[in-house]
Amino acid sequence: MEKFYVTTPIYYINDEPHIGTAYTTIAADILARWHRLKGFRVFFLTGLDENSVKTVRAAKQKGFKDIQAYADEMAGKFIEAWKLLNISYDGFIRTTEERHKKFVKEFFQKVNEKGLVYKGSYEGLYCEDCECFKTENELVNGLCPDHKKPPKKLSEENYFFKLSSFEKQLLELFRKNSGFVFPESRKNEVANFIKQGLLDISISRPGLEWGIPFPLDEKHRFWVWFDALNNYLSACPEGYWPADIHLMAKDIMRFHAVIWPAMLQAAGYKLPKKIVAHGFLTINGARFSKTLGNVISPKYLTDKYGVDALRYHLFREIPFGQDGDFNEAALKTRINSDLGNDLGNLLQRTLTLIEKKSNSIIPSSPKNSVVKEAMKVFETVDRQLTALEFHRALETIWAFLADMNKLVNETEPWNLPPNSKELNYVLSQLANSLAFTAFLVYAFMPSTAERILEQLGLKGTAFNNENLGKAKAFSLIPENTKIGEKKVLFPRIK
Ligand code: MSP
């Protein structure tokens, strides 16, 4: 069985989960579910980056004396949010866990044994929000362009990692492996960055009160990125490395496409297959942050619109890889049109017809051309998801639904005589198409998928590879299946 290992960034815990972190996590969930459906052995990892100075700052601001207690509280909030969003992660890593700390030290020893670590002093501008040094020309009017804050001037002793000695190997990697970074445009951006010449990076910092102690010097702790990137290995079960996809937004692409591969080569590990950076979400056209006070919590949205509508909207609206705007008006429109009309009404109409014209029993299906079309639809969706074109995959599914709606309008089954071949044909095609649709939308909208099957009288049918095979072949529905209770899938929103 083929494996699939997908990760999200581990999130900082100075902030509660919001629509930005939710976006990445849902993307990973969609990929994980889709691969499980296809029969892959999947490991989906997410978690928290707790050893940052940002944790200490936030804990103190909130009046916590015990920083770990603050971290535990925040961890609870993330776990709760992911539960709410139906995130099916297999692993959850917190960098304050012993298994992680132990791993980081071992990893470091390997790098150190290769002679790739040395002590030096560094003077530079450190952005605590990015958790990294900035060069003068990265700043805009003296401010970090991402956080709009001036970095701190630091002059300190650090232990360095010889990143510079990986320049050639990294360029070679980018040249040979054209799919290593997604999207293509970012790959060129990173390659150009490397071509300008890589500087060694400091991997320890003195005088911190929080973080993993640095083995070579008790006054130092690990630089948080050297620690954090290791999560992908420290939490990886036997048999899953290398990661198939590291997901993130463009803000932290360089750490993953430059530093991480160099670290892995230094310690003798295989490289991840793909670094995937999506764009940044804005809310009603504006950046959002705690300071701006316009953060939208996932809970607010799911309470108001439902989890699946949110999951669908985010991935239908924004071409993956590009920046995108979130606004509630667009979400409402999609709920009423795509979800309510195209999908929900089709199900309602089909069930009503089966109820009225076929005694609530789904007629059995002769094999025919729609099945062939279904196979094609599946292949297309699969190709698009493999290419990370989430919005295209949804377009393909919705084109299939449009065909079904057309079938209803053209054949006018309500005018066909009961028990006729024509009527049974249309009803069975519709029911089977909808069962198949449940499998198509499952990765995006897991509970909607379940509800569709339930209403078709297929309650408890597992979303696994075997049943996917049946659904594709229109043979999932057993003879004489009685439909379940009719319920509106997506009630209209005003
Ligand atoms: N802790 C580091 C990551 C270490 S990974 C080894 C970090 N954490 S973070 O909390 O700042 O999360 C950044 C990630 O959150 C982004 O890369 C992205 O996945 C997600 N997003 C945060 N805000 C976002 C938007 N406004 N839009 C889209 N994604 C966003 O960086």
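A salt bridge here is a side-chain nitrogen of Lys or Arg within 4 Å of a carboxyl oxygen of Asp or Glu. By that rule, the structure holds 35 salt bridges. The model is a predicted one, and the exercises below walk through it piece by piece.

**Exercise 1. Salt bridges that involve helix α12**

Find the partners of Glu328 and Arg334, and work out which elements each pair connects.

*Solution.*

Step 1. Start with Glu328, whose salt-bridge partner is Lys304, with 3.0 Å between the closest N and O atoms. Glu328 belongs to helix α12 and Lys304 to helix α10 (residues 298-305), so this pair ties together parts that are 24 residues apart in sequence. Lys304 has a relative accessible area of 43%, and is partly exposed.

Step 2. Move on to Arg334, which forms a salt bridge with Glu317; here the closest N and O atoms are 2.8 Å apart. Since Arg334 sits in helix α12 and Glu317 in helix α11 (residues 307-317), the parts tied together are 17 residues apart in sequence.

Step 3. Check the burial of this second pair. The cut-off for buried is under 20% relative accessible area. Arg334, at 18%, therefore counts as buried, whereas Glu317, at 30%, is partly exposed.

Step 4. Look beyond pairs as well: Lys54, Arg57, Glu128, Asp129, Lys149 and Lys152 are joined into one network by salt bridges that share partners.

**Exercise 2. A salt bridge between Arg99 and Glu97**

Are the two residues of this salt bridge buried or partly exposed?

*Solution.*

Step 1. Confirm the contact: the side chains of Arg99 and Glu97 meet in a salt bridge at 2.7 Å, N to O.

Step 2. Read the accessibilities. Arg99 has a relative accessible area of 38% and is partly exposed. Glu97 counts as partly exposed too, at 24%.

**Exercise 3. The surroundings of helix α11**

Decide whether α11 is largely enclosed, and list its buried residues.

*Solution.*

Step 1. Take the count: 9 of the 11 residues of α11 are buried, so the rest of the structure largely encloses this helix.

Step 2. Name the buried residues: Asp308, Ala309, Leu310, Arg311, Tyr312, His313, Leu314, Phe315 and Arg316.

**Exercise 4. Two helix pairs that share α15**

Describe how α15 packs with α12 and with α16.

*Solution.*

Step 1. For the pair of α12 (residues 328-357) and α15 (residues 421-441), the packing angle is about 140° and the axes are 10 Å apart. Roughly antiparallel would need an angle over 145 degrees, and α12 and α15 are therefore oblique to each other. The crossing of α12 past α15 is left-handed.

Step 2. Now look at the contact. On the α12 side are Leu343, Leu346, Leu347, Thr350, Leu353, Ile354 and Lys357, which meet Leu423, Leu427, Leu430, Ala431, Leu434 and Thr437 of α15. Sorted by class, this contact has 10 nonpolar, 2 polar and 1 charged residues. The spacing has a general background: an α-helix has 3.6 residues a turn, so residues three or four places apart point the same way.

Step 3. Turn to α15 and α16 (residues 446-455), whose axes come within 8 Å and cross at roughly 165°. These two helices are therefore roughly antiparallel to each other. Here too, α15 passes α16 in a left-handed crossing.

Step 4. In this contact, Leu434, Ala435, Ala438, Phe439 and Val441 of α15 meet Ala449, Ile452 and Leu453 of α16. The class tally is 8 nonpolar, with no polar and no charged residues.

**Exercise 5. Backbone features to check by eye**

Locate the cis peptide bonds at Pro183 and Pro242, then the positive phi values of Asn86 and Leu388.

*Solution.*

Step 1. The bond from Phe182 to Pro183 is cis, with omega near -10°. Pro183 falls in the loop between β7 (181-182) and α6 (184-195).

Step 2. Trp241 and Pro242 are joined by a cis peptide bond with omega about 5°. You will find Pro242 in the loop between α8 (231-234) and β11 (245-249).

Step 3. Asn86 is not a glycine, yet has a positive phi of about 60°. Asn86 lies in the loop between α3 (67-84) and β3 (91-94) and, at 27% relative accessibility, counts as partly exposed.

Step 4. Leu388 has a positive phi near 65°, in the loop between α13 (369-386) and α14 (390-411). At 1% relative accessibility, Leu388 counts as buried.

Technical notes: Residues are numbered from 1 along each chain as its sequence is written. This is a predicted model: local features need pLDDT of at least 70, side-chain atom pairs count only at pLDDT 80 or more; totals for chains, interfaces and linings use all residues. Side-chain values use heavy atoms; hydrogens and water are left out. Axes are lines fitted to C-alpha atoms, for helices over the stretch in contact, and angles run from 0 to 180 degrees between N-to-C directions. Helices (H or I, at least four residues) and strands (E, at least two) are DSSP runs, numbered from the N terminus. Angles under 35 degrees count as roughly parallel, over 145 as roughly antiparallel, 65 to 115 as roughly perpendicular and the rest as oblique. A crossing is left-handed if the near helix is turned anticlockwise from the far one by less than a right angle, and right-handed if clockwise. Contact means heavy atoms within 4.5 Å. Ala, Val, Leu, Ile, Met, Phe, Trp, Tyr, Cys and Pro count as nonpolar, Asp, Glu, Lys and Arg as charged, and the others, Gly among them, as polar. Buried means under 20% relative accessible area, exposed over 50%, partly exposed in between (1.4 Å probe, protein chains only).
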